[in-house]
Amino acid sequence: MRQDWEPEDLIEVWTLLEDDMKRVRTKSGATRLGFALLLKFFEAEARFPESAKEVPDAAVEYVAQQVKVPAEAWADYDWQSKAIQRHRGMTRRLPRKGPPH
C-alpha cells in the first residue's frame, strides 16, 4: 500500500461510512481503532496488512479522529490476539464493495 496520501484520497478511501461506524461502536480504545483500520485497509487492498507499519500514518491519524481514539493507540493493537482473528473474520464476511475510484 502506498504511504503518501493527498487529503482528498484519504477522505475517499479511509472515511468510515455509517455501516462501518455501527460496527466499530461496540469496541473501544486500540481495539476500535485497529478494527476500523483493518476494515478500511481490506476494502482498499482486498487483503489485510501484514504489520502495523503497512498502514499509512496519515490513514491512522485520519481514522483515529473519526473513531475518537488517539492515533498512538494503534501501537497497542495486539496482532497476536483472538480479537484480531475475530476482526478479520467479521471483515471477510461483510458484503464486498467495489474498489475505490
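Are W74 and Y77 buried or exposed? In this predicted model, W74 is buried, and Y77 is buried as well.

**Figure 1. Close-up of the aromatic pair W74 and Y77.** Five aromatic pairs are found when the whole structure is searched. W74 and Y77 form a stacked pair, with 5.6 Å from centre to centre and 20° between the planes. Both W74 and Y77 are buried.

**Figure 2. Close-up of the aromatic pair W74 and W79, together with the cluster that includes Y77.** The rings of W74 and W79 pair edge-to-face, their centres being 5.7 Å apart and their planes at 70° to each other. W79 is buried, as is W74. One aromatic cluster is formed by W74, Y77 and W79.

**Figure 3. Close-up of K27 and the ring of F35.** K27 is placed over the face of F35. The distance from K27 to the ring centre of F35 is 4.8 Å.

**Figure 4. Close-up of Q66 in helix α4.** Helix α4 spans residues 57–67, and Q66 is located in this helix. Q66 counts as buried because its relative accessibility is 17%, and the term applies under 20%. A polar atom of the Q66 side chain lies 3.1 Å from the backbone oxygen of W14.

**Figure 5. Close-up of the residues in contact with Q66.** When neighbours within four places in sequence are left aside, Q66 is in contact with W14, T15, L16 and M21. For W14, the view also includes the backbone oxygen, 3.1 Å from a polar side-chain atom of Q66.

Methods:
Residues are numbered from 1 along each chain as its sequence is written. This is a predicted model: local features need pLDDT of at least 70, side-chain atom pairs count only at pLDDT 80 or more; totals for chains, interfaces and linings use all residues. Side-chain values use heavy atoms; hydrogens and water are left out. Rings of Phe, Tyr and Trp (its six-membered ring) pair if their centres lie within 6.5 Å; planes under 30 degrees apart count as stacked, over 60 as edge-to-face and the rest as tilted. Buried means under 20% relative accessible area, exposed over 50%, partly exposed in between (1.4 Å probe, protein chains only). A charge sits over a ring if NZ of Lys or CZ of Arg is within 6 Å of the ring centre and within 35 degrees of the ring normal. Helices (H or I, at least four residues) and strands (E, at least two) are DSSP runs, numbered from the N terminus. A polar contact is a pair of N or O atoms within 3.5 Å; within protein, one must be able to donate a hydrogen and the other to accept it, and residues adjacent in sequence count only if both atoms are side-chain atoms. Contact means heavy atoms within 4.5 Å.
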